[in-house]
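Let's take a walk through this structure together. Keep the 3D view open beside the text, and turn it as you read.

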Amino acid sequence: MTTYKLLLLPGDGIGPEVMTEVEKIVGWLNRSGLASFETERDHVGGSALDAHGKPLSDETLARADAADAILLGAVGGPKWTGVAYDLRPEAGLLRLRKDLGLFANLRPALCYPALADASALKRDLVEGLDIMIVRELTGGVYFGEPKEITTLPDGSKRAVDTQVYTTAEIERIAHVAFDLARKRSGRVASAEKNNVMKTGVLWKEVVTRVHAEHYSDVALEHVLADNCAMQLVRRPKQFDVLVTDNLFGDVLSDVAAMLTGSLGMLPSASLGAADARGTRKALYEPVHGSAPDIAGKGYANPIAMIGSLAMCLRYSFGLGEAADLLESAITRALAGGARTRDIAAEGENGIDTAQMGDAILHELESVRGA
Ligand code: IPM
Ligand code: MN
């Protein structure tokens with residue numbers, strides 16, 4: 001069996017706490033013979049700034065480049081609010097995404113049956129929800145230049161961010177969305193704002209052409225991003241694959257996360273282009289951030305992080321059986337009543353991070369031993 005190299009970047013806030021639970025699961029995968037992983041830990045974000053004076057060192061980037069996959073916890077926190085813009089913790093994550101070419105961010109929003117009542121929406125609106133948000137991750141307003149704040153002659157300031165997309169950037173993310181739709185229900189919704197943005201005009205035009213040329217078997221619908229946000233809370237199950245740009249994807253995936261009961265539930269995969277051997281660079285991370293308000297308290301929900309490992313098994317290593325096992329262990333742990341505080345019923349404290357990790361581990365052991 002091939003031994004794969006996993007780079008673990010716990011980062012900041014609750015990142016290290018949820019990563020510890022992933023390490024337990026990786027240990028179990030190794031013991032059970034389902035997979036063989038070597039893990040290495042390194043710094044990113046504020047913890048890297050503290051350790052190396054930069055939110056992502058060149059050495060860590062090289063290690064990330066050499067790894068078979070990267071698992072990242074979270075970055076950022078109030079401790080670093082005063083640091084220079086280029087040194088802020090988030091810059092470390094953005095550099096990883098950009099320099100490794102991780103342009104396709106897959107954010108599945110799945111509502112576990114046991115959690116339908118934890119959603120802010122009524123049970124019948126979210127029960128069985130299964131949306132895949134495909135967020136473009138290395139372009140748009142996150143990276144467009146100029147990006148600056150200048151001082152005007154009267155002493156007031158002027159801030160600029162630049163939203164920019166090229167045909168090629170839109171084409172490749174559209175392909176990812178359509179290919180995924182073929183393996184799912186065969187429907188894609190593409191969200192932009194062509195009514196006010198030139199990038200939206202080009203986005204719609206390119207997605208329409210890629211669809212017509214290659215994917216006439218898939219159903220395509222265009223939706224304005226603001227309307228999309230409204231539809232997500234009105235009737236979320238109308239969507240299957242939802243493809244959108246970097247900024248809209250950031251916002252819409254937080255909305256989708258909350259439909260599932262908690263931001264603590266959503267995993268994500270960030271993938272690069274396939275090389276000649278079909279291998280993609282890949283980073284897996286929970287959609288939730290560093291949650292500084294609860295960091296260090298030991299009750300963060302590790303499910304998004306563990307679900308990110310499941311995505312890693314599936315997308316990077318073709319270990320579908322192990323991914324299924326892990327995902328069903330999460331489902332069964334929830335069905336058995338395991339609840340961290342974010343998904344606990346009102347007035348109940350819930351279990352802590354390690355207990356949730358152990359509950360999932362216990363479900364794995366009960367089906368497969370080791
Ligand atoms: C996310 C996060 C990041 C983003 C931050 C931490 C830079 O919110 O992954 O959704 O805005 O992309
Ligand atoms: Mn976000």
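## A guided walk through the chain

Let's start with one residue: glutamine 231 is buried, because its relative accessible area is 11% and anything under 20% counts as buried. You'll find glutamine 231 in helix H8, which covers residues 225-234. Setting aside neighbours within four places in sequence, glutamine 231 is in contact with Pro236, Gln238 and Phe239. Do keep in mind that this is a predicted model, so every value here is computed from the predicted coordinates.

Now zoom out to the whole thing. The protein chain holds 12 helices and 12 strands. Its C-alpha trace spans about 65 × 50 × 50 Å along the principal axes. How does that fit with a compact globule? For 370 residues, such a globule would have a radius of gyration near 21 Å, and the protein chain has 20 Å, so the two agree. Of the 370 residues, 52% count as buried. On the outside, the protein chain exposes about 15700 Å², with carbon and sulfur atoms supplying 52% of that. The chain also folds back on itself: among contacts with a separation of 6 or more, 74% are between residues 24 or more positions apart.

Next, the domains. The domain assignment splits the protein chain into domain 1 (1-103 + 272-370) and domain 2 (108-263). Their centres, taken over C-alpha atoms, are separated by 23 Å. Where they touch, domain 1 puts in 18 residues and domain 2 puts in 22 residues. Together they bury about 1800 Å² between them, and carbon and sulfur atoms give 70% of this area. Which three residues of domain 1 supply more of the area it buries against domain 2 than any other three? They are Arg97, Lys98 and Phe103, with 35%.

Arg97 also turns up in helix H4 (residues 89-99), where the buried residues are Pro89, Ala91, Gly92, Leu93, Leu94, Leu96 and Arg97. Just after H4 comes glycine 101, with a positive phi of about 65°.

Time to look inside. The largest nonpolar core has 71 residues, and Leu29, Leu71, Val134 and Ile360 have the most contacts inside it. Helix H10 (residues 303-317) gives this core its largest share, nine residues. The core draws on both domains, taking at least three residues from each of domain 1 and domain 2. Pick out leucine 29 as an example: not counting residues up to four places away in sequence, leucine 29 touches Leu34, Ala35, Phe37, Leu309, Leu313 and Ala322. Apart from this core lies another one, of 23 residues, including Ala116, Leu232, Ala257 and Leu259.

Let's visit a couple more spots. Valine 206 is in helix H7, residues 198-214. Is it buried or exposed? Valine 206 counts as buried because its relative accessibility is 2%. Leaving out neighbours within four places, valine 206 is in contact with Thr167, Ile170 and Glu171. Valine 206 and isoleucine 170 are 36 residues apart along the chain, yet their C-alpha atoms are separated by 6.6 Å.

Arginine 184 sits in the loop between helix H6 (167-183) and strand S8 (187-192). With 27% relative accessibility, arginine 184 counts as partly exposed. Beyond its neighbours within four places in sequence, arginine 184 is in contact with Asp130, Ile131, Met132, Asp240 and Val241. Arginine 184 and methionine 132 are 52 residues apart along the chain, while 9.4 Å separate their C-alpha atoms.

Finally, a look at the backbone. Most residues other than glycine have a negative phi, and most peptide bonds are trans. With that in mind, find the peptide bond from glutamate 145 to proline 146, which is cis, with omega near 0°. Proline 146 belongs to strand S6, residues 144-151. Then move along to alanine 291, where phi is positive, near 45°, in a residue other than glycine. Alanine 291 lies in the loop between strand S12 (282-284) and H10, and it is partly exposed, with a relative accessible area of 24%. The loop with alanine 291 leads to H10, the helix that gives the largest nonpolar core its largest share of residues.

Technical notes:
Residues are numbered from 1 along each chain as its sequence is written. Chains are lettered from A and ligands numbered from 1 in the order in which they are written. This is a predicted model: local features need pLDDT of at least 70, side-chain atom pairs count only at pLDDT 80 or more; totals for chains, interfaces and linings use all residues. Side-chain values use heavy atoms; hydrogens and water are left out. A nonpolar core is a set of buried Ala, Val, Leu, Ile, Met, Phe, Trp, Tyr and Cys residues joined through side-chain atoms within 4.5 Å. Buried means under 20% relative accessible area, exposed over 50%, partly exposed in between (1.4 Å probe, protein chains only). Helices (H or I, at least four residues) and strands (E, at least two) are DSSP runs, numbered from the N terminus. Domain bounds come from an automatic or database domain assignment. Contact means heavy atoms within 4.5 Å. The radius of gyration is taken over C-alpha atoms; the globule rule is 2.2 Å times the number of residues to the power 0.38. Accessible areas come from the Shrake-Rupley method with a 1.4 Å probe; for residues, only the protein chains shown count as cover. Buried area is the accessible area (1.4 Å probe) that two parts lose on being put together, summed over both.
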